[in-house]
Number of protein chains: 2
Amino acid sequence: MKVIIVGGVAGGASCAARLRRLDETAQIIMVERGPYVSYANCGLPYYVGGLIEKQSSLLVSDVKTFQGQFAIDARVNCEAIKIAPEQKTIDLRNTLTGEVITESYDKLVLSPGAAPIRPNLPGIDLPGVFSVRTVPDVIAIKEWLGANQSLSGMESYTGFQTVIKKRAVVIGGGFIGLEMAENLLHLGLDVTLIQRDSQIIGPIDPEMARYCERFITEKGIHLLLNTEPASIQKNVKGALEVVTKAGEVYPTDIVVLGIGVRPETELAKTAGIEIGQRGGIRVDDQMRTNQPDIFAVGDAIEVKDFMTGEWSLIALAGPANRQGRIAADVIAGRDSRYRGTQGTAIIGLFGAACAWTGINEKTLKRLGDTDYEKVYIYPNSHAGYYPGAKMLAIKCIFRKSDGRVLGAQALGQDGVDKRIDAFAMAIQFGATVYDLEETELTYAPQFGSAKSPVNFAGMVAANILRGDMPITHWDQIGDGFLLDVRHAEELAVESVPGALNIDLVHLRDNLDQLPRDRQILVFCRSGQRAHYAVRILMQHGFQASNISGGMMSQSVFLRKDTVPGTLY
Amino acid sequence: MKVIIVGGVAGGASCAARLRRLDETAQIIMVERGPYVSYANCGLPYYVGGLIEKQSSLLVSDVKTFQGQFAIDARVNCEAIKIAPEQKTIDLRNTLTGEVITESYDKLVLSPGAAPIRPNLPGIDLPGVFSVRTVPDVIAIKEWLGANQSLSGMESYTGFQTVIKKRAVVIGGGFIGLEMAENLLHLGLDVTLIQRDSQIIGPIDPEMARYCERFITEKGIHLLLNTEPASIQKNVKGALEVVTKAGEVYPTDIVVLGIGVRPETELAKTAGIEIGQRGGIRVDDQMRTNQPDIFAVGDAIEVKDFMTGEWSLIALAGPANRQGRIAADVIAGRDSRYRGTQGTAIIGLFGAACAWTGINEKTLKRLGDTDYEKVYIYPNSHAGYYPGAKMLAIKCIFRKSDGRVLGAQALGQDGVDKRIDAFAMAIQFGATVYDLEETELTYAPQFGSAKSPVNFAGMVAANILRGDMPITHWDQIGDGFLLDVRHAEELAVESVPGALNIDLVHLRDNLDQLPRDRQILVFCRSGQRAHYAVRILMQHGFQASNISGGMMSQSVFLRKDTVPGTLY
């Protein structure tokens, strides 16, 4: 059996290695267009920023290792350009010499990945405009930054002299855009991030993104939301300029594109392979395309969303690796199947992190699904009495009808990954919020709290579903009667106009101040004292509801401009 | 309804607060023998070491808060001394005045906790011998250490002068013993830890404990395993001396007892409450004792082990809190039930951590359960190409028959809590190792790897169960043919006598050196290359098996005395 694998990074490399383990006799050829196989694409921005110092660190494996350990014929600088599915052949071009050869195959696996989107803007091909996909891309960025003096004229006074600081414009507020913005700032550049949408980090909901937007702004990134580039040009000083659709001009020394990626499907199309509605290669749950003996894996394919059943594009290394394994299994005659993806992901932000798993509220709304509720909680990353605890912001979405956990989003400076991992496991196994109440996670004061944030989310959600704690969100308060149960000192810092303040500890003695004919919407800093207050009020015959997340949520639901500062 | 709760820390305080939320009209009295309610008992050792600086940080709540927020009559310095279940009364003694009053109750909740074991040794009551349970205990330890010059005569040369260093002897290698040893070392004392058993950290298996033993030894703790104290005495210089059963004498300035805890059952016994076979109060899954209207929660009770169904004693804050909630629910007329415990726990060790969940191998052996297999893996805490990655050691135990995950133990300097949390979720939901192969956890290079350690454990285990990779452990090698597939440079550092070395990359060309009539036991550094080798050998008709964990496991299975140094 002769198997050709197109693409030598996550999905392709995993497939090749797995296939060899399953079949010692197969002839395996793995071709990679670029100069390296199995490189650390997730590390590229950190190489630009200097956190990963050596270029060699980015090379996880090499042609020699594939040959030696796996007896795999790995070919770099080798581009697959055309498939003839009837003849079962593929044309391979040596990108250095231009020579084209035709190889036959018994099985073909496509793992071409996804290409950075390069919008069709005037000036997009000017020198100094970069995408970030390969090792050569980041080498070119480092060379560009190292070679040129600042031409964009950003003056900066250091305390005893004025220096010219380089500027960068990053277009796009997803993974690559944010990681590049952080790393360019880390290098000392003045960084402007332009984002077309009204939020950064598309996979999370806008109110959660608000925290991240504030945080990167505090760190020094100039963030422009609802802003689209119209063109890139060179000014008289020789600097680049990004011109927005609104006509604003941003001079810069470098433009980095982080708009997103598009599945590479050109090669697949030469074989008449079906492309799905999202623009990715369509495969079944065994990674088979519609063409016999041709499989596809990784960022180039559409996968089923585990939660919604929808086709989606997920450009993540973990799923790509698993798909590669499954394709290898199937080629070797096994019955492995891909269960779909739940889209668990994380992005680092200046030492903090934002992570998510499962379904978000935007998607539920788009699907017209109203059988859900959500809670916002703000627990400490570990016991408050042990030094170094940081506040986390967590949104947990669950089914109203049966309590099933649908999704979770979290951010903060410590322990975000751990909590989203736990939610990801819960979602994988169809857990309910009642299950999360019982979850037993590691606790010592430096690692967590006796009630972990995961327990806590479950308890709050279960309180709602059991009818113990009606809940309201800041965008639903209507003409409800607002009751603030915080201390007077807290109100001095920030308060909500029109809200009556009765400190929780005085509530039982002041019930006569509250209306019996209106919904009383209670809030505190994060929701715990409001919960206690709601319980008191309900048992005294009032209609009461807890505004989820209290002042912490209010600040992201209603006040885009202010920075609470407590979260980070 | 009048409810009296005995004990005002984890279980009692949770019960009291929850009950108030459920029942605004109940009269709730919470009595605590000591001077503080709701104190941070898990933080006590870190207060001794100075990491938690302020005594006030240990006081999570207070009598005033219980009164104000919850309208709970919280009484400190109030010891419950006798229950009359027929009359439904309890006698309460003011520990300051000695005054005894009798209170009636409708429902009684016992949350007396567990007392540190004080072995009946000569000298156990000498000044300078301490247990660690309450805030006054640690205040006394700090005062003792602050007040006295070293009498035990440990001379230490600082580089320009000789100083007399204080010595400490800690008895017991569990949570309190290890945390106190670390904190005393942190204070500059010379610390000796005496442990009766042949390993520290009883809930993990001995080979995993071996890493921890090496690590704390490297950090400077003098560890004596298989050592039992016989007496404590004062020597002529006025210093304390711990004399072991073997007759060795350890002079010291302080003795800290960390031998374990024993459920406090004296009060329960006055009410004729049933005590279980493990010495704890016996309750049903609604926290009811055998006496009508008397409940018990927390460290004083026996709980069902979620995995084995056995009664066990679990002195942990998380379970205590949940039990308190359940007792409150049941008293308020709800049908909540305790699902048992899976014993998830973590201990910090000099910035590293050791954590576990589910069942350990010792327990399986004790139960005569042979339907299990185990894997040892040594993944990085995050992508190796991103700075700061640390090796983790993970043992995962699973059912041979159906792949169900039974337990996991992990240790390392980073990300131990996160991985054990994921395993804990998996176990809660009855996951199999095949499920773990599919698990989708957060990945970015600073947080993990595309294949997380949890996926990796699942893949290795599934390889075994599918018959793709037979496995052997170092204590089962018998007369197998040992094949080391590492590089020559690695052998120069450490090697296994009698093993043939063929570097993996040369294996296919040297198959004729291997016997066809013997089991070939393959190993490398941690098991990955050995896996590749086993696959090659099996497909070429050899009987081959991977020695799980390779050299990393060999060092703890077979070599107690050496320090590999790579893990930490």
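Q: Which elements do the buried residues of α6(A) pack against?
A: This is a predicted model, so local features need pLDDT of at least 70 and side-chain atom pairs pLDDT 80 or more, while totals for chains, interfaces and linings use all residues. Residues count from 1 along each chain as its sequence is written, with chains lettered from A and ligands numbered from 1 in the order written. Buried residues (20 or more other C-beta atoms within 10 Å; exposed is 12 or fewer, partly exposed in between, with C-beta placed from the backbone) of α6(A) include Tyr211(A) and Phe215(A). Their packing partners in chain A are β14 (222-224), β23 (345-349), β24 (352-358), β26 (392-399), β27 (405-412) and α16 (550-557).

Q: How far does α6 of chain A reach from its first C-alpha to its last?
A: Helices here are DSSP runs of H or I with at least four residues, strands are E runs of at least two, and both are numbered from the N terminus. Helix α6(A) covers residues 206-218, 13 residues in all. Its reach is close to the expected span (1.5 Å times one less than the number of residues), and comes to 18 Å.

Q: Is Ile201(A) buried or exposed?
A: Ile201(A) sits in the loop between β13 (190-194) and α6 of chain A, with a positive phi of about 55° despite not being a glycine. That's notable since most residues other than glycine have a negative phi. Because Ile201(A) has 25 C-beta neighbours inside 10 Å, it counts as buried.

Q: Which class does Asn226(B) fall into with 13 C-beta neighbours inside 10 Å?
A: Asn226(B) isn't a glycine, yet has a positive phi of about 50°. You'll find Asn226(B) in the loop between β14 (222-224) and β15 (229-234) of chain B. With those 13 neighbours, Asn226(B) counts as partly exposed.

Q: Which strands are at the edges of the open sheet of 5 strands in chain A?
A: The order is β28-β32-β31-β29-β30, with parallel pairing (at least two DSSP bridges per pair). An edge strand pairs on one side only, which picks out β28 (471-472) and β30 (500-501).

Q: Which residue of β32(A) stands opposite Leu521(A)?
A: Strands β31 (519-523) and β32 (543-547) of chain A run parallel and are joined by 4 bridges. Across from Leu521(A) in β32(A) is Ser545(A).

Q: What kind of axis relates the two copies?
A: Superposing by least squares on C-alpha atoms with pLDDT of at least 70 in both copies, chain B lands on chain A with an RMSD of 0.0 Å, after a turn of 180° and a shift of 0.0 Å along the axis. The copies are therefore related as by a two-fold rotation axis.

Notes
Contact = placed C-beta atoms within 7 Å.
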